[in-house]
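Visitor: Thanks for showing me around. Could we go through the packing of this protein together, step by step?

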Amino acid sequence: MLLTYKSLNSQAPPYLCQLVHYYNPPRALRSEDKLLLALPNARLKSRGERAFSVCAPKLWNALPLLVRQAPTIRNAACSRSKRGGFTFTPACFITSEAFLSRLMKGKAAEADGSTHHPPASVPPHSNEQIGLLQRHPDQPPDSKVLKVVIIGAPNAGKSTLSNQLLGTKVFAVSKKVHTTRCRSLGVLTENDTQIILLDTPGLTTHSKVKRHHLDKSLLVDPWLSVKEADLMVVMVDVSDRWMRSRLDYEVLKCLAQHPHIPAVLVLNKVDLMKSKDRLLDVTAQLTGGVVNGRRIQVRPVIKPPWAEKIPKSDSELPPDGDTLVHGDSETSDSALSKKQLKELSSQQGWPHFKDVFMLSSVDREDVETLKTYFIVNAKPGSWLYHSEVLTDQSPEEICTSIIREKLLEYLPQEVPYSMTQSVELWQDGENGQLDISVKLYAIKESHMSMVIGTAGQMVSRIAQEASEDLSRVYLREVRLKLSAKLKK
């Protein structure tokens, strides 16, 4: 539906705009001023009727006249009457089938009768963001609040889930590990409930931080974030067959050190798992067969003799070869004894999860279920931020994290991890756009040549894609200029 609207208003690619035309009857008819689209004949039902030139007019002509007459998508929120009213939700937020069915039934766009608001934006200037963070919360009398910390192994999909919950991409996401370097806060406000999302770096060990020269925040921030949370979300990448059979050792230590904080298990990336029937077995392994104090029933699977699990010996070391005697960090092991650490090293799952969710963090409908769970479990309390706040990050921090995401996406191996950034220019342009200039520092000439690319193609591509992401965050045009320099 969104593509159809853009095609009619010359906002879509030209090849799509040429496929849809308004219906001009050969003689005077009552339907000539109804803004209907011409419907071409399709010979094949299996292929022809699936074409955009056929589907678009069908969906458009089925809409009420008030929606077809709307000058913009956002102005299309209107009511037909008090008895048979409807609320138009932009098609970019829901699927076309759900969009059409809700309109035709005359029901509200949301199941609870509330209007779906467009994603919030981040102010493009630091002083505006600071002023927004300092504003007094505009909470209703019966306000509710919930602090949720999302933890897990690196590259489990924590930032992707946070972005999907917020409805706007404010956290960097890439396929490489340690994209998130420090704790980031997101604010989700719906009706009388405010959900505080604490997006944390992947739990790692002291030895890895020292070996790969990583930031200390990767080691400290997850543990500090857990202490202030009301609910802990443990994410596991079930598409990784090496990691899905047991919880990460650092995750187990975090759960064991904070047993008083309710925890839920989220099995992520289920869309990438070929055999979906394995999900029950994975759930049984990661929960110890117990969820919310009740033993779950999993259909037994007959395994060959060689597949029997070999019990761990007491002398076996935990992951990464770190000994249990001194542990990996003073922060994580201070509250656990040597005996507890030894028991955790041979433990596969955590039997104290309150609930288990199986989803794909890129699927909005899947994430909507988890968001509803958060809202239901929110407790009465005062909001911490104004309803317009989306994140506590500064505009510059969002910009550098998005640029770093693109560097991780396109540069090989250790190159993006060794690069640093410096914001040189941040000002409003003459035509209302936001002009940003960032300098990238490389430690080697070979790294700098990789960033620039052949005839500057790589750096221009990174700048273009980062500009598009930032435009969606600030809701204004962004012109980003990137330059590379060798760090002395």
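**Helix packing, aromatic pairs and cores**

Guide: Happy to. This is a predicted model, and a good place to begin is helix H10 (residues 249-257), which packs with helix H13 (residues 338-345) at an angle of about 135°, their axes 10 Å apart.

Visitor: How do H10 and H13 lie to each other: roughly parallel, roughly antiparallel, roughly perpendicular or oblique?

Guide: The angle between the two helices is about 135°. Roughly perpendicular covers 65 to 115 degrees, and roughly antiparallel starts over 145. The angle fits neither class, so H10 and H13 are oblique.

Visitor: Which residues of H13 make the contact with H10?

Guide: H10 passes H13 in a right-handed crossing. From H10, the contact uses Tyr249, Leu252, Lys253 and Ala256. Their counterparts on H13 are Leu341, Leu344 and Ser345.

Visitor: Let's turn to the aromatic rings. How are the planes of Phe357 and Tyr373 arranged, stacked or edge-to-face?

Guide: A search of the whole structure gives three aromatic pairs. In the pair of Phe357 and Tyr373, the centres are 5.0 Å apart and the planes make an angle of 70°. Planes over 60 degrees apart fall in one class, so this pair is edge-to-face.

Visitor: Which parts of the chain does that pair link?

Guide: Phe357 and Tyr373 are both buried, and they form one aromatic cluster with Phe374. The two paired residues are 16 residues apart. Phe357 belongs to strand S8 (residues 355-358), and Tyr373 to helix H14 (residues 364-377).

Visitor: How many residues apart are Trp426 and Tyr474?

Guide: Trp426 and Tyr474 form an edge-to-face pair, with 6.1 Å from centre to centre and 75° between the planes. Both residues are buried. Trp426 sits in strand S10 (residues 420-428) and Tyr474 in helix H18, a separation of 48 residues.

Visitor: Which helix gives the most to the largest nonpolar core?

Guide: That core has 53 residues, and Phe374, Ile403, Ile436, Tyr474 and Leu482 touch the most other members. Eight residues of the core come from one helix, the top contributor: H18 (residues 457-474).

Visitor: And which residues does Leu482 touch?

Guide: Leu482 is among the core residues that touch the most other members. Leaving out residues up to four places away in sequence, its partners are Ile403, Val438, Leu440, Val459, Ile462 and Ala463.

Visitor: How many residues are in the other core?

Guide: The other core lies apart from the largest one. Its members include Val145, Val226, Ala229 and Phe353, and its size is 38 residues.

Key:
Residues are numbered from 1 along each chain as its sequence is written. This is a predicted model: local features need pLDDT of at least 70, side-chain atom pairs count only at pLDDT 80 or more; totals for chains, interfaces and linings use all residues. Side-chain values use heavy atoms; hydrogens and water are left out. A nonpolar core is a set of buried Ala, Val, Leu, Ile, Met, Phe, Trp, Tyr and Cys residues joined through side-chain atoms within 4.5 Å. Buried means under 20% relative accessible area, exposed over 50%, partly exposed in between (1.4 Å probe, protein chains only). Helices (H or I, at least four residues) and strands (E, at least two) are DSSP runs, numbered from the N terminus. Contact means heavy atoms within 4.5 Å. Rings of Phe, Tyr and Trp (its six-membered ring) pair if their centres lie within 6.5 Å; planes under 30 degrees apart count as stacked, over 60 as edge-to-face and the rest as tilted. Axes are lines fitted to C-alpha atoms, for helices over the stretch in contact, and angles run from 0 to 180 degrees between N-to-C directions. Angles under 35 degrees count as roughly parallel, over 145 as roughly antiparallel, 65 to 115 as roughly perpendicular and the rest as oblique. A crossing is left-handed if the near helix is turned anticlockwise from the far one by less than a right angle, and right-handed if clockwise.
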